[in-house]
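This briefing goes through one protein chain, from its overall dimensions down to single residues. The sequence and coordinates come next, followed by the points grouped by topic.

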Amino acid sequence: RAMREFVAVLDYGSQYAQLISRRIRECGVYCEILPHDLKAPELDSMHPGAVVLSGGPASVLDKGSPGIDPEVFELGVPILGICYGLQLTSKVLGGVIERGRSGEYGPALIEIDVPGRLFDGLGERLDVWMSHGDHVSVPPEGFTVLAHTDTCQVAAMADESRKIYGVQFHPEVAHTPLGKEILRNFLYKIAGLSGGWSMKGFIEESVRSIREQVGDSKVICGMSGGVDSSVVAALLDKAVGPRMTAIFVDNGLLRASEAQEIRRTFTETYPLNLDIVDARKRFLDALRGVTDPEEKRKVIGKTFIEVFYNEADRIGGAEFLAQGTLYPDVIESRSAKGGPSATIKSHHNVGGLPPDLKFKLIEPLKELFKDEVRLLGRELGLPETIIERQPFPGPGLAVRILGEVTAENVEILQEADKRVQEEMAAWEGYRGVWQSFAVLLPVKSVGVMGDERTYANVIAIRAVHSVDGMTADWVKVPYELLARMSTRIINEVRGVNRVVYDISSKPPSTIEWE
Ligand code: XMP
């Protein structure tokens with residue numbers, strides 16, 4: 001059968017599905033995450049060199065749990081099932097699965113019984129990460145048990161002749177130290193892939209597919225000035241030149257001096273077809289009286305789209321809208337109905353789009369992580385000031401002003417946030433910080449300034465470490481730095497008399513407060 005240097009990951013709703021695809025790309029093989037109910041002929045038409053079935057929160061023993069077209073196992077393409085994927089393989093091919101009484105979560109040691117090609121060269125015992133309730137007690141006919149633990153008879157199994165493999169543990173997480181080697185064995189030794197893919201290849205592939213998709217039409221690109229949308233604009237600029245218009249909407253919810261910086265960057269340093277729209281009043285009007293976080297996000301998403309429609313008309317019509325959606329945005333905003341995982345927040349560039357959107361979407365970064373996008377940006381020649389920028393949410397300061405967004409609140413937050421930015425940027429630990437910003441709380445507290453009583457606003461400072469925005473921990477910033485930020489904000493920003501520091505991790509909190 002025809003085979004491309006490409007792996008299809010079928011998604012069963014694991015929060016780790018993107019990690020699987022990322023590890024595969026780290027092995028130099030292009031990879032995409034696809035819906036689990038894809039029919040075998042459609043999958044076959046993409047000519048994958050291998051298929052990986054991800055983990056997921058369901059139990060294969062439950063009615064209505066996500067399945068697979070059984071014909072996929074007949075395609076002759078090498079398959080690796082991970083966790084739920086292993087159990088599903090067993091179920092479809094006739095093995096026995098048992099509901100666990102207690103499950104197995106966390107580190108485990110597997111004993112390799114038969115290394116096969118999957119564990120080739122990796123020793124007799126491996127530290128792995130387990131996270132499962134059910135387990136396979138009898139593998140399907142034709143399968144050999146490759147590894148077990150004290151509590152799990154089938155920690156890995158294989159039908160080497162059909163190249164179908166399954167592992168109960170998670171090779172994609174960092175807690176399985178040799179996990180990448182296992183994936184490498186699967187990709188290279190079993191599937192015969194060669195691993196020459198790189199960011200350069202990604203650019204070529206994207207440019208080609210964008211040109212094909214766009215044809216002679218026009219594209220508008222929603223540009224926030226963050227690394228993601230800047231990379232998308234640069235990619236489109238490369239693919240279709242001035243037939244792309246990058247629209248930067250000044251929605252009045254930006255950080256201080258942000259609009260000026262963007263104008264400078266994309267007219268002088270990295271010139272492209274840029275359109276800056278002043279929509280400050282429009283957004284503030286739309287947000288009047290809105291206090292519910294999800295409602296705010298929806299209102300902002302809707303207003304963005306209205307502005308995009310206007311601008312599309314102004315340039316004589318655009319068929320496509322390009323945006324910098326990343327994988328973590330997709331997974332956290334997907335509705336419980338649309339996919340097997342739960343909605344956390346409606347990220348405005350995913351969950352806020354109307355169902356009858358007049359544009360066709362172009363989302364070239366949908367499968368990538370932030371640090372991969374940064375690599376891509378460097379490859380495209382974008383300036384470091386853009387590439388090293390901290391992420392900034394699409395709904396802007398609106399999700400950092402708890403309660404109603406008013407012009408006055410925006411100004412207080414911009415002033416406080418500017419001081420957080422300045423002081424953080426001057427700190428030696430700043431480069432490792434994922435995000436640092438100020439949040440305006442909807443409470444007032446009593447203070448004393450001079451000999452006067454004050455009754456004013458509270459600012460929370462948030463600073464987190466993260467690698468992909470999916471999990472995060474608060475930064476242990478030095479007390480002296482906290483003190484400087486607090487003193488400056490209270491002394492210099494009118495309307496603030498108290499500053500607190502947020503010491504919550506994600507999960508269970510989120511990075512933004514709304
Ligand atoms: P949370 O608050 O969900 O944020 O932990 C995770 C990361 O995503 C950013 N974020 C957004 N980005 N549109 C975006 O483009 C949005 O609606 C949005 N909401 C949150 C957030 O700043 C953090 O980096």
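The accessible surface of the protein chain amounts to about 21900 Å², and carbon and sulfur atoms hold 50% of that area. The model is a predicted one. Its protein chain contains 14 helices and 20 strands, and 57% of its 514 residues are buried.

**Overall dimensions and charge**

- The radius of gyration of the protein chain is 25 Å, which agrees with the value near 24 Å that a compact globule of 514 residues would have.
- The C-alpha trace spans about 80 × 55 × 40 Å along the principal axes.
- Of the contacts between residues at least 6 apart in sequence, 75% join residues at least 24 apart.
- The side chains include 58 positive and 72 negative ones. The centres of these two sets are 3 Å apart.

**Strand β3 and its two partners**

- Strand β3 covers residues 50-53 and has buried residues on both faces. A50 and V52 are on one side, while V51 and L53 are on the other.
- Strand β1, residues 6-11, pairs with β3 in the parallel sense, over four bridges. Within this pairing, V9 has V52 of β3 as its bridge partner.
- Strand β4, residues 79-82, also pairs with β3 in the parallel sense, here over three bridges. The bridge partner of V52 in β4 is L80.
- V52 thus appears in both pairings: it is a bridge partner of V9, and it is a bridge partner of L80.

**Helix α11**

- Helix α11 runs over residues 370-380. Its buried residues are K370, E372, V373, R374, L376, G377 and L380.
- The list of buried residues includes K370, E372 and R374.
- Four helices receive the buried residues of α11: α1 (17-26), α5 (199-214), α6 (227-240) and α12 (384-387).
- G381 follows α11 and has a positive phi, near 85 degrees.

**Two buried positions and their contacts**

- T149 sits in the loop between β9 (144-148) and β10 (156-159). Its relative accessibility is 6%, so T149 counts as buried.
- Leaving aside residues up to four places away in sequence, T149 touches E104, A108, L109, I110, M130 and A155.
- I247 belongs to strand β13, residues 244-250. With 1% relative accessibility, I247 counts as buried because the cut-off is under 20% relative accessible area.
- Outside the residues up to four places away in sequence, I247 touches I220, C221, G222, M223, D275, V277, F308 and E311.
- One of these contacts, C221, is 26 residues from I247 along the chain, and the two C-alpha atoms are separated by 5.9 Å.

**Backbone geometry to check**

- As background, most residues other than glycine have a negative phi, and most peptide bonds are trans.
- C83 has a positive phi near 55 degrees and is not a glycine. C83 lies in the loop between β4 and α3 (84-93).
- The relative accessible area of C83 is 5%, so C83 is buried.
- S257, likewise not a glycine, has a positive phi of about 60 degrees. S257 is placed in the loop between β13 and α7 (258-269).
- The relative accessible area of S257 is 39%, so S257 is partly exposed. That category lies between the limits of 20% and 50%.
- Which residues are joined by the cis peptide bond with omega near -15 degrees? The bond from K506 to P507 is the one with this value.
- A cis peptide bond also joins P507 and P508, with omega about 10 degrees.
- P507 is in the segment after β20 (496-501). P508 is in the segment after β20 as well.

Methods:
Residues are numbered from 1 along each chain as its sequence is written. This is a predicted model: local features need pLDDT of at least 70, side-chain atom pairs count only at pLDDT 80 or more; totals for chains, interfaces and linings use all residues. Side-chain values use heavy atoms; hydrogens and water are left out. Helices (H or I, at least four residues) and strands (E, at least two) are DSSP runs, numbered from the N terminus. The radius of gyration is taken over C-alpha atoms; the globule rule is 2.2 Å times the number of residues to the power 0.38. Buried means under 20% relative accessible area, exposed over 50%, partly exposed in between (1.4 Å probe, protein chains only). Contact means heavy atoms within 4.5 Å. Accessible areas come from the Shrake-Rupley method with a 1.4 Å probe; for residues, only the protein chains shown count as cover. Lys and Arg count as positive and Asp and Glu as negative; His and the chain ends are not counted. The place of a charge is taken as NZ of Lys, CZ of Arg, CG of Asp or CD of Glu. Two strands pair if DSSP finds at least two bridges between them.
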